[in-house]
Amino acid sequence: MITLNPHFLELKPSYLFTDIARKVEAFQQSHPDRQVLKLGIGDVTLPLPEPVIQAIHNAVAEMGTAEGFRGYGPEQGYAFLREKICQADYTQRGIGCIQPEDIFVSDGAKSDTGNFLDILGQHLTVGVADPVYPVYVDTNIMAGRAQQIVRLPATAANGYQPGPDNLPQALDLIYICSPNNPTGSVASRELLQRWVDYCHDHHALLIFDSAYEAFISDPDLPHSIYELPGSETCAVEIRSYSKKAGFTGLRCGYTVVPAALKVTAEGRPDEVSLRQLWNRRQTTKFNGVPYIVQRAAEAVYSPEGEQACAGNIAYYKRNAALLKTSLAKMGYQVYGGSNAPYVWLKVPAGFSSWSFFDYLLEQQALVTTPGSGFGDCGEGYIRLSAFGSYEATQAAVQRLQQLPRQI
Ligand SMILES: *Cc1c(COP(=O)(O)O)cnc(C)c1O
């Protein structure tokens with residue numbers, strides 16, 4: 001008899017974005033004349049940079065010729081892209097411990113985040129921040145670890161990046177997202193070093209999600225976990241072209257598993273290379289990213305590509321800065337928004353995340369994301385996204401200014 005993986009039944013239904021959509025639709029129906037402005041989007045909106053489009057055209061043309069046609073490629077990604085990533089994202093940034101063989105090109109960070117659990121043991125205690133990107137939690141629940149997830153409060157007191165002190169129990173697997181979705185906070189070098197040290201002391205593994213790395217402009221903030229000494233023996237890094245280069249619809253990212261990372265299997269004494277296991281997993285279950293998409297990713301690193309991507313990031317960052325400074329001037333408590341495309345706003349006294357969401361929608365036709373949708377510690381906050389147009393962001397700020405000051 002066929003049965004289900006019972007752990008899928010332990011997942012909480014994900015209502016956040018459907019609830020938002022339902023409320024926005026109801027508002028629009030009752031106020032057909034009002035133009036809704038969306039500050040809730042977690043997706044890029046600018047078109048793909050021209051050098052990327054050009055690379056796609058070239059690759060398409062190649063595929064139509066006998067000499068240029070490519071069938072199955074290497075599951076780990078083409079050497080041209082792995083070498084480029086290694087050079088541009090690591091070697092040139094002073095990181096010497098990463099080799100092209102450590103880099104596994106994929107269809108994005110979300111899949112890798114979930115897939116990586118295939119190669120890890122069952123009885124792990126998992127640490128995530130609260131609020132959190134829901135993928136870390138739900139993929140662990142699917143893998144049967146619902147009772148083994150420890151939520152670490154991300155609060156104003158710790159700058160929305162919890163550290164390894166006073167943990168309620170020892171952790172074996174730790175997720176860090178920096179720059180962070182949803183709070184826009186960025187982990188300092190000092191904090192990350194404490195996590196790396198923690199991992200060494202407890203034989204724990206760190207999964208470092210740096211999907212928003214391109215938004216960092218503060219020179220003191222680390223872009224990669226491998227800037228921290230000792231991380232190459234305890235950390236996996238997951239990156240994506242989604243936010244950096246507008247690939248949310250094109251789909252490409254990569255995961256770094258350093259050769260030096262060794263882990264023992266449950267009940268066995270000998271250490272096994274995590275990279276070797278991930279390679280085995282990928283070559284068995286994945287047949288690689290399309291050649292055309294990998295050429296598009298390669299173009300991100302050309303001088304024209306770098307310039308175009310930097311221009312798009314600067315555009316979103318201008319929105320984030322406008323939101324942040326305007327809201328601060330209005331007297332709101334705002335966090336993030338400086339090295340990230342999200343502003344994390346403390347709702348005024350007397351409101352909850354959802355009641356402030358409703359208030360902004362009803363009063364000013366503004367759509368935001370209630371912080372409580374990302375975890376209990378997100379209650380009392382809303383997330384504002386900088387991924388809209390500059391004009392829409394300006395208009396949103398004007399509407400926010402029309403709200404009574406002391407609410
Ligand atoms: C957007 C985002 C990603 C990127 O996911 P892709 O699957 O590569 O599009 C990864 N992590 C976080 C936290 C994100 O918000």
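This is a short chat about the two largest pockets in a predicted model.

Student: What volume does the largest pocket have?
Tutor: About 1300 Å³. Remember that this is a predicted model.

Student: How many residues line the largest pocket, and which lie nearest its centre?
Tutor: The lining has 44 residues. Nearest the centre are F17, Y133, P134, V135 and F374.

Student: Which helices and strands each supply at least two residues of that lining?
Tutor: Four helices and a strand do. The helices are helix 1 (16-30), helix 4 (109-115), helix 5 (134-142) and helix 7 (241-245). The strand is strand 3 (126-130).

Student: Which element gives the most to the lining of the largest pocket?
Tutor: Helix 5. It gives seven residues.

Student: And by class, what is in the lining of the largest pocket?
Tutor: There are 19 nonpolar residues, 13 charged and twelve polar.

Student: New topic. What about the volume of the second largest pocket?
Tutor: That one is about 640 Å³.

Student: Which residues lie nearest the centre of the second largest pocket?
Tutor: H203, L205, K262, V263 and T264. They are part of a lining of 24 residues.

Student: Which elements give two or more residues to that lining?
Tutor: Helix 6 (189-202), helix 8 (274-285), strand 9 (262-264) and strand 10 (271-273).

Student: Where does the largest share come from?
Tutor: From strand 9, with three residues.

Student: How do the residues of the second lining divide?
Tutor: Into 15 nonpolar, five polar and four charged.

Note on methods:
Residues are numbered from 1 along each chain as its sequence is written. This is a predicted model: local features need pLDDT of at least 70, side-chain atom pairs count only at pLDDT 80 or more; totals for chains, interfaces and linings use all residues. Side-chain values use heavy atoms; hydrogens and water are left out. On a 1 Å grid over the protein atoms alone, a cavity is a set of points where a 1.4 Å probe fits but cannot get out, and a pocket is an open set with protein on both sides within 12 Å along at least five of seven lines; lining residues have an atom within 4 Å of a point. Grid points are joined across faces, edges and corners, and a volume is the space filled by probe spheres set on the points. Ala, Val, Leu, Ile, Met, Phe, Trp, Tyr, Cys and Pro count as nonpolar, Asp, Glu, Lys and Arg as charged, and the others, Gly among them, as polar.
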